[in-house]
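Thanks, everyone, for making time this morning. I would like to walk you through one model, and I will keep to what can be read from its atoms.

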Amino acid sequence: MNETSSLRNKKEKRLIIVYQYARLSGEKETNLSERIFTNQFPWTFDQIIDNEFFLA
């Protein structure tokens with residue numbers, strides 16, 4: 001099924017928001033410096049839903 005670019009953009013934007021929340025939570029939970037966690041999510045939405053991606 002083809003996705004419209006609008007839907008793809010919404011997924012990517014949501015991923016950014018969720019990652020920022022997870023990053024802040026990780027900092028608080030682990031007491032690690034914010035510098036440990038990258039500012040931007042390092043993968044695309046397509047990569048994280050690809051079953052083969054993390055096997056490489």
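**Contacts, rings and a surface patch**

Leaving aside residues up to four places away in sequence, glutamate 27 touches Leu32, Glu34 and Phe37. I should say at once that this is a predicted model, so please take each value as computed from it. Glutamate 27 has its place in helix H1, which covers residues 5-30, and, with a relative accessibility of 13%, this glutamate counts as buried because the cut-off for that word is under 20%.

Let me turn to the rings, where the structure holds two aromatic pairs. In one of them, tyrosine 19 and phenylalanine 41 have ring centres 5.2 Å apart and planes at 65°, so the pair is edge-to-face. That pair links distant parts of the chain, since tyrosine 19 sits in helix H1 and phenylalanine 41 in the loop between H1 and H2, 22 residues apart. Tyrosine 19 counts as buried at 14% relative accessibility, whereas phenylalanine 41, with a relative accessible area of 25%, is partly exposed. Phenylalanine 41 also forms an edge-to-face aromatic pair with tryptophan 43, at 5.4 Å centre to centre and with 80° between the planes. Ring pairs thus link Tyr19, Phe41 and Trp43 into a cluster.

Tryptophan 43 is itself partly exposed, with a relative accessible area of 35%, and which residues join Trp43 in a nonpolar surface patch? They are Ile48, Ile49 and Phe54, and the patch they make with Trp43 is about 380 Å². Of these, isoleucine 49 lies in helix H2, which spans residues 45-49.

Note on methods. Residues are numbered from 1 along each chain as its sequence is written. This is a predicted model: local features need pLDDT of at least 70, side-chain atom pairs count only at pLDDT 80 or more; totals for chains, interfaces and linings use all residues. Side-chain values use heavy atoms; hydrogens and water are left out. Helices (H or I, at least four residues) and strands (E, at least two) are DSSP runs, numbered from the N terminus. Buried means under 20% relative accessible area, exposed over 50%, partly exposed in between (1.4 Å probe, protein chains only). Contact means heavy atoms within 4.5 Å. Patches are made of residues with over 30% relative accessible area and no salt bridge: like charges are joined within 9 Å, nonpolar side chains (Val, Leu, Ile, Met, Phe, Trp, Tyr) within 5 Å. Accessible areas come from the Shrake-Rupley method with a 1.4 Å probe; for residues, only the protein chains shown count as cover. A salt bridge is a side-chain nitrogen of Lys or Arg within 4 Å of a carboxyl oxygen of Asp or Glu. Rings of Phe, Tyr and Trp (its six-membered ring) pair if their centres lie within 6.5 Å; planes under 30 degrees apart count as stacked, over 60 as edge-to-face and the rest as tilted.
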